[in-house]
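Trainee: I am new to this structure and would be grateful for a close look at a single part of it. Please choose a helix, and then connect that helix to its surroundings.

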Amino acid sequence: MIKDYFLIAVKSLTKRKTRTYLTMIGIFIGIAAVIALIGLGEGLRVAITSQFGFLGTDVLGVQAAGVAAAGPPGSGAINPLTSDLAEKIEKISGVEAAFNRYLSAVTLEFNDKQKIEFAISIPSGTNRKTLEKMVNLKTSQGRLLTDADRKKVLVGDNYAQDSSFGTTFGRPLKAGDRIILNGVDFEVVGIIEKKGSFIFDDAVWMDEDEMIEYGISDEERVSTIAVKVSDVNEIGKVQLAIEKFLRKERGVEEGEEDFSVETPQSALESLNSTLYAVQLFVTIIAVISLLVGGIGIMNTMYTAVLERTKEIGIMKSLGARNSTIFTLFFIESGLLGMIGGIIGVILGLSFAYGAAAAGKTLLGSDLIQASVSWSLIFGSLAFSFILGTAFGVLPAYQASRLNPVDSLRKVK
Amino acid sequence: MARATTKTEKKSDAVLDLKGVWKIYTMGDVEVPALSGLDLVVKRGEFLSIMGPSGSGKSTAMNMIGCLDVPTRGKIYLEGHDISSMSESDLAQIRGRKIGFIFQQFNLINTLTALENVTLPMIFQNMPRQERITKAKKLLELVDLGDRMHHKPTELSGGQQQRVAIARALCNDPEVILADEPTGNLDSKTGGTVMDFLRKLHEKEGKTIIMVTHDEHVAKNADRIEFLRDGKIIKTIKK
């Protein structure tokens, strides 16, 4: 019987198309906002999480805080980390290795085309092996750098693709190609294996000393000091020891640190909590929009009850019980919510994936990604249906209580 | 009128029995009686007309007979069951199964096709889909609308709409067909066709028909005419 009631409700809705769509606008704007923004937020989280390959997992990252200008980590700090700190930190007990890492913008010229890219440092000597192991650095083409190399670099996988980067430089890079970094000639000896993170895929990895020598990075502006601990279980203790040492070294009191010592985990957590806050905010706005949409449904349903009083009377005279009339109107308002939800999901998905695609073409970045889970889609649909029915309860109840004699007497 | 003449005065033969029925409406502080002790017995297979000027209580009587409303005082028995104090939902069930309505305004649902309109009362009685459709088609053919099944009411003439309403009134095999001014919105020719169908139902199918009208010519189709005034029966004419 429910199926028949659905059919009757659908017919009533399609009879009044304009009003039906106008009513649903409130719902589908809300649902579209939820899907698009939560979807993009999720995508951003996934993208950012993958960037943390920069440090590895059983490592602490030391960074200068108090950023004065936008740019790569540490580059704009008022009191940057100096190059001598790494050696000193290495002497702290529980630290296996500590070395500087530089990340700077660099002008890359290839095939007569120029673009600003990121250069990332690789230390020399034993630290090279430590880093390679730490971030699992491998090449898909050519080889890694050695201490004997001069003016040699590795480039990320995206440079070797015929995608946006290939287009930018006219053709994809391969091992053996020569590129110009800040006016200096370098040879590409290897392509880094694709990792899905811009730190690897969209960057130039080069020798630390050469990076300083050719003025790509300032030696006394270390981006991050990577600290490898000898025992992962002691990581908290080592973190405290480094903080204590740096406070003394930089002459700051506890609580006024102008630096941070973080595990990638904690950095990730703080980032995640920020993203959650943004998503929560968006969700609240969407919920308000949905509530307004719900009230719109209620309004439409009240109008429908008034308008169809006669029809209700007819149905009652034909044997429809109060519960039948209630169910009919209840389903109708639920459908208003759910169809609104379906349109909203479609709009939201198109917006999210459209923005991601636009981000990729226009910015050449994978950072804008859409990630819409099935649970989000079905959750939104269920929510919009429930919303429709919830706001339909009162009008449906009113309809069901109408007196058949009075309803039948209505002219229209 | 062979069937009408065979009727007996046996009590169990009464489909409908109204005993001292009062309906009083309260308008502000004033109580206005619409029915003032109406007594009426309708026998199975009878064709009855109720006539009266406007304000005579015709419509109220019709509402009582059709189980659309309950009396303020008095009793109404439908097939021996007291329906005068039933709840609206129980009354709805009884209406659906026992009463077939035909209204002056046809009262079809405009969003539904002729076929769907006829199936509607069967949906309310939880009849299986296939059975419903088969029956509705048969009834529409009975009223000569086999070729108009998928038309919406707005695509049908007044006479056709009223025939759809007749088919709809028959779909649950009701005990009583209650027609409220069935020809009131029709010209005399189409009105005549509709009356022919009603008479056919009475004569061939033995249906009990109660018709409310103010048109004497139409009322004469019935076996018995009851004249109503001030909420009471004032005159009875039997054929």
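Mentor: The account below begins with one helix of chain A and then moves outward to the rest of the two chains.

The model is a predicted one. The part I have chosen is helix α10 of chain A, which covers residues 309-317. Is this helix enclosed or open to its surroundings? Of its 9 residues, 7 are buried, so the helix is largely enclosed by the rest of the structure. The buried residues are A:Glu311, A:Ile312, A:Gly313, A:Ile314, A:Met315, A:Lys316 and A:Ser317. A charged residue such as A:Glu311 or A:Lys316 therefore appears in this list as well, since the count rests on 20 or more other C-beta atoms within 10 Å and not on the kind of side chain. After the helix comes A:Gly319, which has a positive phi, near 105°.

Helix α10 of chain A also belongs to the boundary between the chains. There, 18 residues of chain A are in contact with 22 residues of chain B. On the side of chain A that touches chain B, the elements that give two or more residues are α1 (2-15), α10, α11 (322-363) and α13 (404-409). By class, that side of chain A is made up of 6 nonpolar, 6 polar and 6 charged residues.

From the boundary we turn to the interior. The largest nonpolar core has 120 residues, and those that touch the most other members are A:Ile35, A:Phe329, B:Val118, B:Leu140, B:Ala167, B:Leu178 and B:Ile210. Helix α2 of chain A (residues 17-51) gives the most to this core, namely 14 residues. A:Phe329 deserves a closer look. Apart from residues up to four places away in sequence, A:Phe329 touches A:Met301, A:Val305, A:Gly392, A:Pro395, A:Ala396 and A:Ala399. A second core, separate and of 56 residues, includes A:Leu85, A:Ala160, A:Val204 and A:Ile216.

The wider setting is chain A itself. Chain A contains 13 helices and 11 strands. Of its 412 residues, 43% count as buried. Among the contacts in chain A with a separation of 6 or more, 80% join residues 24 or more positions apart.

One strand of chain A can be set beside the helix. Strand β1 of chain A (residues 59-64) has 5 of its 6 residues buried, so this strand too is largely enclosed by the rest of the structure. Strand β1 of chain A is joined by 4 bridges to strand β10 (residues 224-229) of chain A, and the two run antiparallel. Within that pairing, A:Gly61 has A:Ala226 as its bridge partner. Strand β1 of chain A also pairs with strand β11 (residues 259-262) of chain A, again over 4 bridges and in the antiparallel sense. Here A:Val62 stands opposite A:Val261.

A residue of another strand offers a contrast in burial. A:Gly142 lies in strand β5 (residues 139-142) of chain A. With 19 other C-beta atoms within 10 Å, A:Gly142 is partly exposed, because a buried residue needs 20 or more. Leaving aside neighbours within four places in sequence, A:Gly142 is in contact with A:Ala175, A:Val189, A:Gly190 and A:Ile191. A:Gly142 and A:Ile192 are 50 residues apart in sequence, and their C-alpha atoms are 8.9 Å apart.

Chain B, the partner across the boundary, completes the picture. Its secondary structure comes to 8 helices and 10 strands, and 48% of its 239 residues count as buried. In chain B, four strands form an open sheet in the order β2-β1-β4-β5, with antiparallel pairing. Its edge strands are β2 (30-43) and β5 (81-82), each of which pairs on one side only. Strands β1 (residues 14-27) and β4 (residues 73-78) of chain B are joined by 5 bridges, and B:Lys19 has B:Lys75 as its bridge partner in β4. Helix α2 of chain B (residues 58-65) lies across β1, β2 and β4 of chain B, at about 125° to β1.

A loop residue of chain B closes this survey. B:Thr154 lies in the loop between α5 (129-142) and α6 (158-170) of chain B. B:Thr154 has 9 C-beta neighbours inside 10 Å and so counts as exposed. B:Thr154 and B:Thr113 are 41 residues apart in sequence and 9.4 Å apart in space, C-alpha to C-alpha.

Key. Residues are numbered from 1 along each chain as its sequence is written. Chains are lettered from A and ligands numbered from 1 in the order in which they are written. This is a predicted model: local features need pLDDT of at least 70, side-chain atom pairs count only at pLDDT 80 or more; totals for chains, interfaces and linings use all residues. A residue is buried if 20 or more other C-beta atoms lie within 10 Å of its own, exposed if 12 or fewer, and partly exposed in between; C-beta atoms are placed from the backbone. Two residues are in contact if their C-beta atoms, placed from the backbone, lie within 7 Å. Ala, Val, Leu, Ile, Met, Phe, Trp, Tyr, Cys and Pro count as nonpolar, Asp, Glu, Lys and Arg as charged, and the others, Gly among them, as polar. Two strands pair if DSSP finds at least two bridges between them. Axes are lines fitted to C-alpha atoms, for helices over the stretch in contact, and angles run from 0 to 180 degrees between N-to-C directions. A nonpolar core is a set of buried Ala, Val, Leu, Ile, Met, Phe, Trp, Tyr and Cys residues joined through C-beta atoms within 7 Å.
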